[in-house]
Amino acid sequence: QSTAADYAPVPGMELGILSSNPARGMATIAFTLPRGEDVNLAVFDLKGRLVSGLVAGAQSAGAHTVQWNGKDLFGHVMPSGVYLCQLRTLSGRMSEHIVLVH
C-alpha cells in the first residue's frame, strides 16, 4: 500500500524525458540520484501494467540515461499512447508521462 511518503520529493533526485515528448518510437529517459542506491526504473501503461523494466539494481550517485525502445517485455512494439515512466528507490518515487507515437 502506498503512503504519502512514497510520493514526497527527494532532494537531488530527478527524472525526465530527454527525447521529444511525444516520442517517435523511442524515448531517452534521464534520472539523477543524490546517492548510490538500488533503483527500479520501469514503464507502465495507464492501467498500471508493467510494459518494460529498464533498470533494476544498484546505481551510483549522479546522472544516468537509458533508452526505452517502445517495446514491451516480450519485444512487441507498443501502440501509440500515453505511458508512465516510474523511478523507485528506497528514498522515494517519481514518475513522468511518455507519449509514444509511431
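Here are some short exercises on a predicted model, each with a worked solution.

**Exercise 1. The open sheet**

Work out the order of the five strands in the open sheet, and find which strands sit at its edges.

*Solution.* Start with the order: the five strands run E2-E8-E7-E4-E5, and the pairing is mixed. Next, look for strands that pair on one side only: these are E2 (23-24) and E5 (50-59), so they are the edge strands.

Now zoom in on E2. E2 and E8 run parallel and are joined by two bridges. For one of the residues involved, arginine 24, the bridge partner in E8 is valine 101.

**Exercise 2. A hairpin**

How many residues lie between E7 and E8, and how do these two strands run?

*Solution.* First find the strands: E7 covers residues 81-89 and E8 covers residues 93-101. Three residues lie between them, and the two strands form a hairpin. They run antiparallel, with eight bridges joining them.

You can check the pairing residue by residue. Glycine 81 has leucine 100 as its bridge partner in E8. Move along to valine 82, and the bridge partner in E8 is valine 99. While you're looking at the strands, keep a general rule in mind: in a regular strand, side chains alternate between the two faces of the sheet.

**Exercise 3. Strand E3 and its partners**

Which strands does E3 pair with, and in what sense?

*Solution.* Take E1 to begin with. E1 and E3 are antiparallel and pair over four bridges. Within this pair, isoleucine 17 has isoleucine 29 in E3 as its bridge partner.

Then turn to E6. Seven bridges join E3 to E6, and here too the strands run antiparallel. Alanine 27, for example, stands opposite tryptophan 68 in E6.

Why is E3 described as largely enclosed by the rest of the structure? Count its buried residues: six of the seven are buried, so the description fits.

**Exercise 4. Two buried residues in touch**

Decide whether threonine 28 and isoleucine 17 are buried or exposed, then list what surrounds them.

*Solution.* Begin with threonine 28, which belongs to strand E3 (residues 27-33). Its relative accessibility is 19%. The cut-off for buried is under 20%, so threonine 28 counts as buried. Leaving out neighbours within four places in sequence, threonine 28 is in contact with Gly16, Ile17, Leu18, Ser19, Val66 and Gln67. With glutamine 67 there's also a polar contact, side chain to side chain, at 2.8 Å.

Next comes isoleucine 17, in strand E1 (residues 14-17). With a relative accessible area of 18%, isoleucine 17 is buried. Beyond neighbours within four places in sequence, isoleucine 17 is in contact with Thr28, Ile29, Glu96, His97 and Ile98. Histidine 97 is 80 residues away along the chain, yet the C-alpha atoms of isoleucine 17 and histidine 97 are separated by 8.4 Å.

**Exercise 5. Two residues in one loop**

Compare the accessibility classes of asparagine 69 and phenylalanine 74.

*Solution.* Place them before you classify them. Asparagine 69 is in the loop between strand E6 (62-68) and E7, and phenylalanine 74 is in the loop between E6 and E7 as well.

Asparagine 69 has 38% relative accessibility, so it counts as partly exposed. Phenylalanine 74 is at 69%; since exposed means over 50%, phenylalanine 74 counts as exposed.

What does asparagine 69 reach? Its side chain comes to 3.0 Å from the backbone nitrogen of lysine 71. Setting aside neighbours within four places in sequence, asparagine 69 is in contact with Gly25 and Met26. From asparagine 69 to serine 52, the C-alpha to C-alpha distance is 9.4 Å, with 17 residues separating them in sequence.

As for phenylalanine 74, Phe74 joins Leu50 and Leu73 in making a nonpolar surface patch of about 350 Å².

**Exercise 6. The salt bridge**

Find how many salt bridges the model has, and which residues form a salt bridge.

*Solution.* The count comes to one salt bridge. Arginine 49 forms a salt bridge with aspartate 45. To check the pair, look at the closest N and O atoms: they are 2.6 Å apart, and the cut-off is within 4 Å, so the pair qualifies. Finally, classify the acidic partner: aspartate 45 has 14% relative accessibility and so counts as buried.

Terms used: Residues are numbered from 1 along each chain as its sequence is written. This is a predicted model: local features need pLDDT of at least 70, side-chain atom pairs count only at pLDDT 80 or more; totals for chains, interfaces and linings use all residues. Side-chain values use heavy atoms; hydrogens and water are left out. A salt bridge is a side-chain nitrogen of Lys or Arg within 4 Å of a carboxyl oxygen of Asp or Glu. Buried means under 20% relative accessible area, exposed over 50%, partly exposed in between (1.4 Å probe, protein chains only). A polar contact is a pair of N or O atoms within 3.5 Å; within protein, one must be able to donate a hydrogen and the other to accept it, and residues adjacent in sequence count only if both atoms are side-chain atoms. Contact means heavy atoms within 4.5 Å. Patches are made of residues with over 30% relative accessible area and no salt bridge: like charges are joined within 9 Å, nonpolar side chains (Val, Leu, Ile, Met, Phe, Trp, Tyr) within 5 Å. Accessible areas come from the Shrake-Rupley method with a 1.4 Å probe; for residues, only the protein chains shown count as cover.
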